[in-house]
Every structure is written in structure tokens, then in C-alpha cells.
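Trainee: Could you take me through one part of this model closely, with the cut-offs behind each term?

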Amino acid sequence: MRVEPVDPRLDAEWESDPTVNYRVIFWVSETHSSEYDLLDAEDVHAVIAWADTEAQSRRCKYALYAKVRGSEGAGLVWLAGIDLSAHSRPNFERPQPLG
């Protein structure tokens with residue numbers, strides 16, 4: 001991880017309102033997943049706590065996304081976790097939950 005100072009007036013072309021909607025994908029295997037939308041969440045920390053607890057009880061890994069809407073429509077921003085089906089594209093290295 002690199003840490004650099006930034007001028008907030010120059011570094012972003014857009015920003016969104018607070019994100020309260022998320023998607024969690026629990027990976028049971030490389031070809032089987034269960035997906036859930038968490039709506040009107042207090043914040044990302046509440047979502048992570050829920051996802052960690054669920055993943056540990058299911059004995060699986062998960063990926064966490066923020067659900068956002070931009071000028072191109074609805075989309076997902078990948079925040080954390082691994083996608084077990086992502087063999088031909090970049091992936092986070094650290095699986096969630098942390099063991």
C-alpha cells in the first residue's frame with residue numbers, strides 16, 4: 001500500500017451520496033455462489049460485520065460490493081474479498097473473512 005497526500009479539489013471528477021446498499025457474494029466453490037443485497041445499511045462496517053459472521057458460519061469466502069448509480073446506470077464497486085470465478089481478470093489477494 002502506498003500513502004500519498006492529495007489535493008481533494010483536483011483528484012475526483014464525481015462523488016456520490018453515502019452508500020447504504022451493498023451486495024455480498026458468498027463463494028461456496030469456484031462455480032457456486034449465493035448473492036445477497038443488503039439495503040439501507042448503517043454503514044460499510046455493519047455490512048462487513050454481517051458478512052464476516054455469515055461467511056464463518058457457512059465456512060466460505062465472500063466478495064463485497066457497493067451498489068451505486070452513476071450516469072451510466074446502476075453498477076457495483078468491488079470493495080473487498082475474492083471472486084473465485086475470476087481466473088482471467090484481476091482479483092484482490094486477501095480473501096474475506098480474514099481467517
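Mentor: What follows is a close look at helix α1. This is a predicted model, in which local features need pLDDT of at least 70 and side-chain atom pairs count only at pLDDT 80 or more, while totals for chains, interfaces and linings use all residues. Residues are numbered from 1 along each chain as its sequence is written, and side-chain values use heavy atoms, with hydrogens and water left out.

Helix α1 covers residues 44-58, where helices are DSSP runs of H or I with at least four residues and strands are runs of E with at least two, numbered from the N terminus. Its 15 residues should span 21 Å at 1.5 Å a residue, and the end C-alpha atoms are indeed 21 Å apart; the expected span is 1.5 Å times one less than the number of residues. At the start of α1, a side-chain oxygen of Asp43 comes to within 3.0 Å of the backbone nitrogen of His45, and after the helix comes Arg59, with a positive phi near 60°.

Val47, Ala51 and Ala55 of α1 are buried, that is, under 20% relative accessible area with a 1.4 Å probe and protein chains only, whereas exposed means over 50% and partly exposed lies in between. These three cover an arc of only 60° around the axis, which puts them on the same side of α1, the arc being that of the directions from the helix axis to the C-beta atoms. On the other side, His45, Thr53, Gln56 and Ser57 are exposed. The buried residues of α1 pack against β1 (22-29), β2 (32-38) and β3 (61-70), with contact meaning heavy atoms within 4.5 Å.

Terms used
Polar contact = N/O pair within 3.5 Å; in protein donor to acceptor, adjacent residues only side chain to side chain.
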